[in-house]
Number of protein chains: 4
Amino acid sequence: MKEKEKFIVRTDLALEAQEMNVKDDPSSSDSDGVEVHENEKNDIKITYVTVDEIGAERIGKKAGHYITLESQAIRKQDTKLQANLSKVLSGQLRKLLQDMGVDEKQRGLVVGLGNHHITPDALGPWVTEKVLVTSHLFELQPETVADGYRSVSAVTPGVMGTTGIETSDMVHGIIEEVKPDFVIVVDALASRSIDRINATIQLSDTGIHPGSGVGNKRKEISKETYGIPVISVGVPTVVDAVTITSDAIDYVLKHFGREWREKDAPSNALSPALNPFERKELTNEDLPNEEQSQAVLGMFGQLSQAEKKQLIKEVLTPLGHNLMVTPKEVDGFIRDMAHVIATGINGALHPGVEDGEAQSYSR
Amino acid sequence: MKEKEKFIVRTDLALEAQEMNVKDDPSSSDSDGVEVHENEKNDIKITYVTVDEIGAERIGKKAGHYITLESQAIRKQDTKLQANLSKVLSGQLRKLLQDMGVDEKQRGLVVGLGNHHITPDALGPWVTEKVLVTSHLFELQPETVADGYRSVSAVTPGVMGTTGIETSDMVHGIIEEVKPDFVIVVDALASRSIDRINATIQLSDTGIHPGSGVGNKRKEISKETYGIPVISVGVPTVVDAVTITSDAIDYVLKHFGREWREKDAPSNALSPALNPFERKELTNEDLPNEEQSQAVLGMFGQLSQAEKKQLIKEVLTPLGHNLMVTPKEVDGFIRDMAHVIATGINGALHPGVEDGEAQSYSR
Amino acid sequence: MKEKEKFIVRTDLALEAQEMNVKDDPSSSDSDGVEVHENEKNDIKITYVTVDEIGAERIGKKAGHYITLESQAIRKQDTKLQANLSKVLSGQLRKLLQDMGVDEKQRGLVVGLGNHHITPDALGPWVTEKVLVTSHLFELQPETVADGYRSVSAVTPGVMGTTGIETSDMVHGIIEEVKPDFVIVVDALASRSIDRINATIQLSDTGIHPGSGVGNKRKEISKETYGIPVISVGVPTVVDAVTITSDAIDYVLKHFGREWREKDAPSNALSPALNPFERKELTNEDLPNEEQSQAVLGMFGQLSQAEKKQLIKEVLTPLGHNLMVTPKEVDGFIRDMAHVIATGINGALHPGVEDGEAQSYSR
Amino acid sequence: MKEKEKFIVRTDLALEAQEMNVKDDPSSSDSDGVEVHENEKNDIKITYVTVDEIGAERIGKKAGHYITLESQAIRKQDTKLQANLSKVLSGQLRKLLQDMGVDEKQRGLVVGLGNHHITPDALGPWVTEKVLVTSHLFELQPETVADGYRSVSAVTPGVMGTTGIETSDMVHGIIEEVKPDFVIVVDALASRSIDRINATIQLSDTGIHPGSGVGNKRKEISKETYGIPVISVGVPTVVDAVTITSDAIDYVLKHFGREWREKDAPSNALSPALNPFERKELTNEDLPNEEQSQAVLGMFGQLSQAEKKQLIKEVLTPLGHNLMVTPKEVDGFIRDMAHVIATGINGALHPGVEDGEAQSYSR
């Protein structure tokens, strides 16, 4: 069953992988190889997930540190919140670099993965364009570079479909040539939850498998492969239509489950509309027990999570050759998110960049 | 219940509106104010839907003629199929113009509705840019215009969010000034089925309510308002996440329903994967009866279609401020579809444009 | 000769028209219908040119007020200078509106002229996109609009080559429909001097002839035609290759003329390189007298300004079907200039917009 | 003097370098290390320039073969001529590959140099996007590749200003990784003549110095550096404002020189306009002798070509920090030229691509 589960999961977020696992196997606890700490700063929820080898096996994510920032700044198009998000990202990134032993003089390479002609996949290329690049100045006119700046390069390797070259081979060739002291890889991710789309940034010290989120395993860009720190910065921008559906069914279950408990019997009529605040409180504890589940959703309710998803997947797959979807407003979301991330990276890499300036560099 | 139903339906396609209605109310038949004829040409399915006043009331679409072209040309990125689709569109459009009494010399105005910065909404503006515009030549250098061309103008009025002006007011001002003999309005639509996204073109002689597909009723652009023929050309480019889910649940029901009938009892194990061909054959007749429905989906299965959708809507709405989604590959789909439609319009309006040339005009 | 002169002049700037006139006819003085005042604020040179009917006849520009802001902010890509330029523009615009009797509650329409697919002509459309539009809020949700904002709409009418419709007709139709209290028209201009490209903003209360700068007279958008204040905001983005050449020849003449006077005889060898500061001081007084001119440039030197330009024009015209050129860096220049102008307009129209916010609105 | 001359020359075209040299030093002949042959096909002028070591020294271009295609297809926006140009380019490219020993199975890498955000410099990146890439198919699904196709990859290394990395280093890293059998490099060039802008394609077997045309020497991409055939495809898209002026002055001189000879004395009045056909016939033989030159242009006329240009350069340089200009219509020209070149490359590399298809691949 684990097998199937893994096949079905289409998430690049360690946080989601952990949540799904807990949900499916409530006997497991955080202490089984995955540690989770939460924090909140300026309306931004920060979750630290540490995965060890046991946890890696359990949740299907590589051992290492994952930091997740959650904010509605982009979806609400709130420029002040976006500036905050950049600042928090800057701070987290700076700390992660320190933890990985990167000092203030070391030379960085920013790699923007993705296809700049497919908007939900263009986050990496857009960030690269907004990153403050200085390595040529250090090379050619070192006297012109002020204190507080380090040598930074930025590349956009493209995708195999348009270059004909494995992304990881391209990146390999560039790293061998440029020989940076550390690498930051930016990529668009897949999530299994529509509420995380453009609302979550995941940092990690585990590196990246280009394309791993959408099923095609390629070679890894990581500390193991290159012997230098590799930080990945990812944002979910697409969601599998299958997960929209299973989420919905889960919520239906929880919704009836809670009513069940509250009223000791499910209402036959439609419940009052769930408002956003109520919804927040629906948790796994609201899931009905097996018997209740069957009452609510019949035979379907009796299936395990994995079986339910497998069934929905089988049902939906024929409906379209590609079921990854993205919100209608994708253009504006990606543009704003690229701005937030580039500003965050610029602030983290160049202490000399003042906040206001970081914004204008990445305009 | 009709009320609720209408509130929930988010489709701009008469074809879908009719299908949904039949499904919900199997006692109704095609003869109740809606006539449907099908045809197939070069792998393109053409459906003619004629709605009279009774049908209009019943399915919630304005009385008139609707022609729907269905093709996978765009989604398969098949350039030959796309050229075919342009040709078929040209022919249908030419015939519709004739039926509406437009002769070969009359002056046309093409209006591309939508927001060119939101890709799934940019179809109209992209088509306008590829339309072969000639009216200024007729005005300024009539001697340079060859036979087989008519006077055509093309405008992109923008959207209220960026202009501050009601789209219909803007169009009104332009029509009053330009005084065309007929109008073709191109717009992106909402569908309730993910398989129709970028795979369907709807022509109609009923005009258009800018924005009607996404809930906000605005003033109409139609023969009634302007006294001249108004043809609308629309393509569904977004789908409500709610409908993805309800479709899935319907299919689950049908799937179990069929198994039920076939085995006299539902399988407890997962059924073999439904392949695309099998799926095609799942019809409304596969829907289980009420009792079976309850067995399959419990209380949920007992809800009416409308109640189910209402519930799913309530559950999903809080998850994101906007749940209209579009396929990840939206950029390429819209570009290709704009090319197909502009080529079709150019061929229909200017008999002098040869097929090959029609392609190159709209490059 | 005036005739020819006017034919040759390809400038939309009143300042240049006045300078050229003074140069050609040194007996004329500022008092003959054209008043010029200069000012400097934050490295930005502000010139106020007032033209009366006599001056209009003399310099070929409509009677009215012209305000010219000169700054290297864009060409130097200096974001601080650009913010200053926006502020100064805001102030001048606000004052001009007051002088024209526009009060703080009156409703404005911003019109962005030009072709958004031809970058040096895309300034208008780019500005329109960055203007803070509010009229739909005043219409639909007046209670949500804070103090300090007025009703503003913004439109991009396109160009005749792509719409088939005279720009002024399109604008007319929209104004008739929207009925604003005043109009601001933004357009890219032609200059006759390469140093003014993207370095000059001209405000005027005289309205605009769409396309007048490049030879094709069309209908006017002005107070006279609509009975409401019309302010034009223009930036030269292209220069005629002819004027690059005549400027160069003028500078050669001045250069030798000055040497002549200084050494009493021209040097036979190359002079030391003219540095930018030296050059600034070359003025019309450095122009050699007729005899000297002949010595320096032979027969060519004896031609009048108009004859020289006519000759150069005849020589260059066959070299290319279109000789309007723009700097290689046009994409970045236009983007930044659009940002500056939109920020300036937003600040002028909405006193409630704080400086920092004005920037972020127009990002 | 040669020194200065070379400093001033800003052309990447061997043809121009040769012409300029002949002009300046009429005693030199084609036989001194530079062979020139001309041809014409479908309105396209083809010039073959072969430079040996002696010629390389003389004209400042590397020894090798240069093929120049001249056509007004782009500037006239004539799609039929453009299709012809693609076909001729295909043929020349195929022959050049054969001459360099490349067989039909060998694997190619197309490198698009330039900055895709600066339109006149974006030719390389735009071509890369339209090239038919197949190497990943040969790698992953070799059975799906039809006969008549070879393995082709395509990369866009970006420019140092945005990556921080020397373009040649980036290309080096990629070549080392991909190990192609041959390379085609596409780049935008500088010309010294405004009539060649977007009207000339230069092929060469000498490789390329990224950025050499605009003054900044960088490392070479050539057969010498990589041991594999390197073909460069270049199109002049910008011209130095200085050369516009010196060209104009040359034409003025020639114009008066011819009149002189024809009338035995120069006309004092303006000559009748030179029409394009007349102009074509103005040649170096029309240049007046030294005495006449002085009469026509005075002291200026007595300066050598190099001195004249040096003077004009000194005069113009302060006028703007960057004097490379491009035609106003640059966006459309570059888009169309990229289409022509990509179609030409696709046809040359894949014999299996039929003409019509080559067009649609690169749409």
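Start in chain C of this predicted model by selecting helix α5 and helix α14, whose crossing is right-handed. For α5(C), pick residues 123–130, and for α14(C), residues 330–349. The two helices pack at about 45 degrees, with their axes 8 Å apart. That angle makes α5(C) oblique to α14(C), because only angles under 35 degrees would count as roughly parallel and the range from 65 to 115 as roughly perpendicular.

Now show the side chains where these helices meet. On α5(C), select C:L123, C:W126, C:V127 and C:K130. On α14(C), their partners include C:D331, C:I334, C:R335, C:M337 and C:A338. Keep going along α14(C) to add C:H339, C:I341, C:A342, C:I345 and C:N346. What kinds of residues make up the contact of α5(C) with α14(C)? Colour them by type and you will find nine nonpolar, two polar and three charged.

Next, move to a place where two chains come together. Select residues 167–178 in chain B and in chain C: each stretch is helix α8 of its chain. At what angle do the axes of α8(B) and α8(C) cross? They cross at roughly 125 degrees and come within 8 Å. The two helices are therefore oblique to each other, and their crossing is right-handed.

Finish by showing the residues that make this contact. From α8(B), choose B:D169, B:M170, B:H172, B:G173, B:I174 and B:E177. From α8(C), choose C:D169, C:M170, C:H172, C:G173, C:I174 and C:E177. Coloured by type, the residues of this contact divide into four nonpolar, four polar and four charged.

Terms used. Residues are numbered from 1 along each chain as its sequence is written. Chains are lettered from A and ligands numbered from 1 in the order in which they are written. This is a predicted model: local features need pLDDT of at least 70, side-chain atom pairs count only at pLDDT 80 or more; totals for chains, interfaces and linings use all residues. Side-chain values use heavy atoms; hydrogens and water are left out. Axes are lines fitted to C-alpha atoms, for helices over the stretch in contact, and angles run from 0 to 180 degrees between N-to-C directions. Helices (H or I, at least four residues) and strands (E, at least two) are DSSP runs, numbered from the N terminus. Angles under 35 degrees count as roughly parallel, over 145 as roughly antiparallel, 65 to 115 as roughly perpendicular and the rest as oblique. A crossing is left-handed if the near helix is turned anticlockwise from the far one by less than a right angle, and right-handed if clockwise. Contact means heavy atoms within 4.5 Å. Ala, Val, Leu, Ile, Met, Phe, Trp, Tyr, Cys and Pro count as nonpolar, Asp, Glu, Lys and Arg as charged, and the others, Gly among them, as polar.
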